[in-house]
Amino acid sequence: HDALPILETSYGLLTENQVIQQYLADTQKNTSILPPVSDFKRYQELEVLNFISTDIHKSFGPLFNPSFPEAVANEFVRPLLIKKFAYMDTLLQNKKFVMGDHFTLPDAYLFVVTRWAENVKLDISNLKNLLAYYERMKSHPSVKKSCEEENLK
């Protein structure tokens, strides 16, 4: 999980997941997954995208480090991550997707980090909105295609 996402463009390289996502949405003029600059919803979406990146993604580091003490992970890291996922669970209440009724940039990122929770056996079983969302996302066409391309089950 130390792999750095890199996108080579005609202008140069871009790194960082959320920046690459924004660049692709903007250059493809896909306002259904990222509203235009003039729409305040864009900034609400970027707020969630950045929360996933800085609060959830970053918190997984110790769980992917085999030399990190398991006792410390269980006492501090796992409870903190569960708390952050609980916040996402509340955001998903009565929603099909993170931002409402259609797929947007935070959905792709939340799916990935929720998959990590499953991989590191983080107990999010009481987060019913998040789990229902995760199951729905598994059957989303773009997610299914990406998982197939990456040979993920």
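Is Asp89 buried or exposed? In this predicted model, Asp89 is buried, because its relative accessible area is 11%, and a residue counts as buried under 20%. The legends below begin with this residue.

**Figure 1. Surroundings of Asp89 in helix H4.** The view is centred on Asp89, a residue of helix H4. When residues up to four places away in sequence are not counted, Asp89 touches Leu127, Lys128, Asn129 and Leu130. Asn126 may also be located in this view: its C-alpha atom is separated from that of Asp89 by 9.6 Å, although the two residues are 37 residues apart along the chain.

**Figure 2. The largest nonpolar core of the model.** This core has 37 residues. Within the core, Phe60, Phe85, Leu110 and Val113 are the residues with the most contacts. The elements that contribute two or more residues to the core are helices H2 (40-57), H4 (70-91), H5 (105-119), H6 (128-138) and H7 (141-149). The largest share, 7 residues, is that of H5.

**Figure 3. Contacts of Phe85.** Neighbours within four places in sequence are left aside in this view. The residues in contact with Phe85 are then Ile56, Phe60, Leu110, Val113, Thr114, Ala117, Leu122, Ile124, Leu127 and Leu130. Three of these names, Phe60, Leu110 and Val113, also appear with Phe85 in the list of residues with the most contacts inside the core.

**Figure 4. Packing of helix H2 against helix H5.** The two helices pack at an angle of about 20°, and their axes are 9 Å apart. Angles under 35 degrees count as roughly parallel, and H2 and H5 are therefore roughly parallel to each other. Their crossing is left-handed. On the side of H2, the contact is made by Glu45, Val48, Leu49, Ile52, Ser53, Ile56 and His57. On the side of H5, the contact is made by Leu105, Pro106, Tyr109, Leu110, Val113 and Trp116. Sorted by class, the residues of this contact are 10 nonpolar, 2 polar and 1 charged.

**Figure 5. Surroundings of Ile52 in helix H2.** Ile52 is one of the H2 residues that make the contact with H5. Ile52 counts as buried, because its relative accessibility is 0%. Apart from neighbours within four places in sequence, Ile52 is in contact with His57, Met88, Pro106, Tyr109, Leu110 and Val113. A further point of reference is Ala86, which lies 34 residues from Ile52 along the chain. The C-alpha atoms of Ile52 and Ala86 are separated by 12 Å.

Notes: Residues are numbered from 1 along each chain as its sequence is written. This is a predicted model: local features need pLDDT of at least 70, side-chain atom pairs count only at pLDDT 80 or more; totals for chains, interfaces and linings use all residues. Side-chain values use heavy atoms; hydrogens and water are left out. A nonpolar core is a set of buried Ala, Val, Leu, Ile, Met, Phe, Trp, Tyr and Cys residues joined through side-chain atoms within 4.5 Å. Buried means under 20% relative accessible area, exposed over 50%, partly exposed in between (1.4 Å probe, protein chains only). Helices (H or I, at least four residues) and strands (E, at least two) are DSSP runs, numbered from the N terminus. Contact means heavy atoms within 4.5 Å. Axes are lines fitted to C-alpha atoms, for helices over the stretch in contact, and angles run from 0 to 180 degrees between N-to-C directions. Angles under 35 degrees count as roughly parallel, over 145 as roughly antiparallel, 65 to 115 as roughly perpendicular and the rest as oblique. A crossing is left-handed if the near helix is turned anticlockwise from the far one by less than a right angle, and right-handed if clockwise. Ala, Val, Leu, Ile, Met, Phe, Trp, Tyr, Cys and Pro count as nonpolar, Asp, Glu, Lys and Arg as charged, and the others, Gly among them, as polar.
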